[in-house]
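Take a look at the chain below. This report walks through its parts and how they fit together.

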Amino acid sequence: MRELLYGEEPEPWDRFPAGLLFVPVRPGPSRCATRLFRTPLGDPTAVGFTSLRRLTATLGSDQTWIRLADPALRALVAPLGVTTVTVDPQFTAPARTPVGPAVPDSAPTVPILRAG
């Protein structure tokens, strides 16, 4: 934990390093990929949970995960332009479901990929 100097108070958004986190992942072409989410304002964020119980309460028991330290998670998503890590979010919106095809069934289809 960081030592506060000269009586400074931490800002609410200035979180201390969270330590080892349970990080949600999804299958990818080379093993797994970190799931990225969006803040209420629409900015991309990486997400980590301080306990498996919190992860499953928020994302469900079928969510796959890996353990990463806070600095490792930040370094992993930094090349993607993601600068925010949200720790222990308590709410997530359900994933968007694709709308049925707008083309006749006889036309070739392209798979719809979901981000995050």
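Strands β1 and β2 form an antiparallel pair, joined over 4 bridges. Gly28 is part of this pairing: its bridge partner is Arg31 in β2. The coordinates come from a predicted model.

The pair belongs to an open sheet of 3 strands. The strand order is β2-β1-β5, and the pairing is antiparallel. β2 (31–34) and β5 (65–69) stand at the edges with a single partner strand each, so one side of each has no neighbour in the sheet. From one strand to the next, the twist averages 55°.

Two helices meet this sheet. Helix α1 packs on the sheet and touches β1 and β5. Helix α2 lies across β1, β2 and β5. Their directions are set out below.

| Helix | Strands touched or crossed | Angle |
|---|---|---|
| α1 (52–59) | β1 and β5 | about 45° to β1 |
| α2 | β1, β2 and β5 | about 105° to β5 |

Now for the chain as a whole. It holds 2 helices and 6 strands. Read from the N terminus, the elements run β-β-β-β-α-β-α-β. The chain has 116 residues, and 23% of them count as buried. Its accessible surface comes to about 9000 Å². Carbon and sulfur atoms own 59% of that area.

Contacts reach far along the sequence. Take the contacts with a separation of 6 or more: residues 24 or more positions apart account for 66% of them.

What lies inside? In soluble globular proteins, nonpolar side chains tend to be buried together. Here the largest nonpolar core has 9 residues. They are Leu21, Val23, Ala46, Leu68, Leu73, Val77, Val82, Val85 and Val87. Three elements each supply at least two residues of this core: β1 (20–28), α2 (70–77) and β6 (85–87). A second core, separate from this one, has 6 residues. Among them are Phe37, Val47, Leu55 and Leu59.

Which residues does Val77 contact, leaving aside its neighbours within four places in sequence? The partners of Val77 are Thr34, Leu36, Ala46 and Val82. Two of these names, Ala46 and Val82, also appear in the largest core, as does Val77 itself.

To recap, β1 and β2 pair over 4 bridges, the open sheet adds β5 in the order β2-β1-β5, and α1 packs on that sheet. α2 lies across β1, β2 and β5 and supplies at least two residues of the largest core.

Terms used
Residues are numbered from 1 along each chain as its sequence is written. This is a predicted model: local features need pLDDT of at least 70, side-chain atom pairs count only at pLDDT 80 or more; totals for chains, interfaces and linings use all residues. Side-chain values use heavy atoms; hydrogens and water are left out. Buried means under 20% relative accessible area, exposed over 50%, partly exposed in between (1.4 Å probe, protein chains only). Contact means heavy atoms within 4.5 Å. Accessible areas come from the Shrake-Rupley method with a 1.4 Å probe; for residues, only the protein chains shown count as cover. A nonpolar core is a set of buried Ala, Val, Leu, Ile, Met, Phe, Trp, Tyr and Cys residues joined through side-chain atoms within 4.5 Å. Two strands pair if DSSP finds at least two bridges between them. Axes are lines fitted to C-alpha atoms, for helices over the stretch in contact, and angles run from 0 to 180 degrees between N-to-C directions.
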